[in-house]
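Work through the exercises below with the sequence and the model in view. Each task is followed by a solution in steps.

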Amino acid sequence: MSKNFSDAELEAYLDEMLPVGAMSQLEAVLREDPDTLHRLAELAARRDAGVHTLGSIWRRHRVSCPNRETLGSYLLGVLPDEEAEYLEFHLQTIGCRYCQANLADLQQRQQESNDSRTARRQRYFQSSAGYLGMAEGR
Ligand SMILES: [Zn+2]
């Protein structure tokens with residue numbers, strides 16, 4: 001049952017950037033697997049020594065975080081496959097909480113604007129129906 005965690009995932013754990021599910025999975029592995037624990041300890045020691053891996057720099061500066069337009073296109077399903085795949089990797093595998101929060105926010109806004117569009121359409125329909133009714137009554 002023990003899953004192999006990559007260095008990137010262990011780094012994410014140290015940064016507290018691992019999704020909750022993966023985090024408890026990793027903690028279970030750490031209790032049973034001295035090798036993984038050893039690797040984690042080594043990574044932590046390397047970081048304390050001021051050596052930064054690409055991964056930690058990447059996360060610290062959010063170099064590869066997509067912008068809101070990209071996230072918006074992703075939500076609308078109009079992003080090219082390659083970019084969508086990268087985004088899913090970024091959101092799910094890396095578990096970037098910053099982008100997850102951003103995406104959730106965008107999702108909510110899109111939902112709200114859909115709701116208000118529907119409301120507008122209904123108002124428009126009602127007023128045209130009213131207008132037509134009046135016209136017919138003449
Ligand atoms: Zn991100």
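**Exercise 1. Burial and overall make-up**

Of the 138 residues of the protein, what percentage count as buried? Then describe the secondary structure and the confidence of the model.

Solution. The buried share is 12% of the 138 residues. Next, take the secondary structure: there are seven helices and zero strands. Read from the N terminus, the order of elements is therefore α-α-α-α-α-α-α. The model is predicted, and its mean pLDDT is 80, with 78% of residues reaching 70 or more. Confidence is lowest in helix H4 (residues 54–61), where the mean is 56. It is highest in helix H5 (residues 68–76), at 91. Finally, consider contacts with a separation of 6 or more: 63% of them join residues 24 or more positions apart.

**Exercise 2. Helix H1 and tyrosine 13**

Find the buried residues of helix H1, then decide whether tyrosine 13 is buried or exposed.

Solution. Helix H1 covers residues 7–14, and its buried residues are Glu9, Leu10, Glu11, Ala12 and Tyr13. Tyrosine 13 thus belongs to this helix. For its burial, count the neighbours: 20 other C-beta atoms lie within 10 Å, so tyrosine 13 is buried. The cut-off is 20 or more.

Now look beyond the residues within four places in sequence. Tyrosine 13 is in contact with Leu18, Met23 and Leu26. Leucine 26, treated in the same way, is in contact with Phe5, Tyr13 and Leu18. For a distance, take tyrosine 13 and glutamate 27: they are 14 residues apart in sequence, and their C-alpha atoms are 9.6 Å apart. One backbone detail follows just after H1, where glutamate 16 has a positive phi of about 55°.

**Exercise 3. Leucine 71**

Which residues does leucine 71 touch, not counting those up to four places away in sequence?

Solution. Begin with its place, which is helix H5. Leucine 71 has 20 C-beta neighbours inside 10 Å, and therefore counts as buried. The residues it touches are Pro66, Cys99, Asn102, Leu103 and Leu106. To set sequence against space for one of these, take leucine 106: it is 35 residues from leucine 71 in sequence, while the C-alpha to C-alpha distance is 7.8 Å.

**Exercise 4. The largest nonpolar core**

How many residues does the largest nonpolar core have, and why does it lie between two domains?

Solution. The largest nonpolar core has 13 residues. Those with the most contacts inside it are Leu10, Ala12, Tyr13, Leu18 and Leu26. The elements that supply two or more residues to this core are H1 and H5. H1 supplies the most, with three residues. For the last step, compare with the domain bounds: domain 1 (1–63) and domain 2 (66–138) both contribute residues, so the core lies between them. As background, nonpolar side chains tend to be buried together in soluble globular proteins.

Definitions and conventions: Residues are numbered from 1 along each chain as its sequence is written. pLDDT is the predictor's confidence in each residue, from 0 to 100. Helices (H or I, at least four residues) and strands (E, at least two) are DSSP runs, numbered from the N terminus. Two residues are in contact if their C-beta atoms, placed from the backbone, lie within 7 Å. A nonpolar core is a set of buried Ala, Val, Leu, Ile, Met, Phe, Trp, Tyr and Cys residues joined through C-beta atoms within 7 Å. Domain bounds come from an automatic or database domain assignment.
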